Amino acid sequence: MIIYQKWSRSSESWSEREIVSNESIIESRSPKIQIDSEDNLHVCWQDYSDYNSSGGDLDLFYKIRNATTESWSLTDVLTYNSDKAILRVVLYRYQ
Ligand SMILES: [Ca+2]
């Protein structure tokens, strides 16, 4: 399970827990997070869940947290047949 919480320096407290991988039913691992210029969060992780016909192998899942609505998108499946662990995810923003 992937959980998101934000630390506030001003109040010195954590926000409420938000479950990121809420479409996943089994192991989620190796989350990577990036923030864009509009403060949206982009999260990628590896997941064994058979979500959207991805099968029971380890695949790369992705979702966005909208900074305005403070809600998460549905999970996008980025790979369907990866047979190796994905070690690094890099987010690029094209102008
Ligand atoms: Ca899979």
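Biologist: Why is L58 called partly exposed?

Modeller: L58 has 19 other C-beta atoms within 10 Å, and a residue is buried if 20 or more other C-beta atoms lie within 10 Å of its own, exposed if 12 or fewer, and partly exposed in between, with C-beta atoms placed from the backbone. L58 is therefore partly exposed, because 19 falls in between those cut-offs. Please keep in mind that this is a predicted model, in which local features need pLDDT of at least 70 and side-chain atom pairs count only at pLDDT 80 or more, while totals for chains, interfaces and linings use all residues. Residues are numbered from 1 along each chain as its sequence is written.

Biologist: Where does L58 lie?

Modeller: L58 lies in the loop between β6 and β7, and its C-alpha is 8.8 Å from that of T79, although the two are 21 residues apart in sequence.

Biologist: What makes β6 and β7 strands, and how many strands are there in the protein?

Modeller: Strands (E, at least two residues) and helices (H or I, at least four) are DSSP runs, numbered from the N terminus. The protein has 9 strands and 0 helices; β6 covers residues 41–47 and β7 covers residues 59–66.

Biologist: How do you know that β6 and β7 pair?

Modeller: Two strands pair if DSSP finds at least two bridges between them. β6 and β7 share 7 bridges, so they meet that cut-off, and their sense is antiparallel; Q46, for instance, stands opposite L60 in β7.

Biologist: What makes β7 and β9 a pair as well?

Modeller: β7 and β9 (residues 76–77) have 2 bridges in the antiparallel sense, and since the definition asks for at least two, they count as a pair. Y62 has D76 in β9 as its bridge partner.

Biologist: What do β7 and β8 form?

Modeller: β7 and β8 form a hairpin with 4 residues between them, and E70 in the turn has a positive phi of about 55°. These strands, with β8 at residues 71–72, pair in the antiparallel sense over 2 bridges, and N66 stands opposite S71 in β8.

Biologist: Why is a set of residues called a nonpolar core, and which residues make up the largest one?

Modeller: The name is given to a set of buried Ala, Val, Leu, Ile, Met, Phe, Trp, Tyr and Cys residues joined through C-beta atoms within 7 Å. The largest nonpolar core has 7 residues, namely I2, V20, V43, C44, W45, L60 and F61. β6 and β7 are the elements that give two or more residues to this core, and β6 gives the most, with 3 residues.
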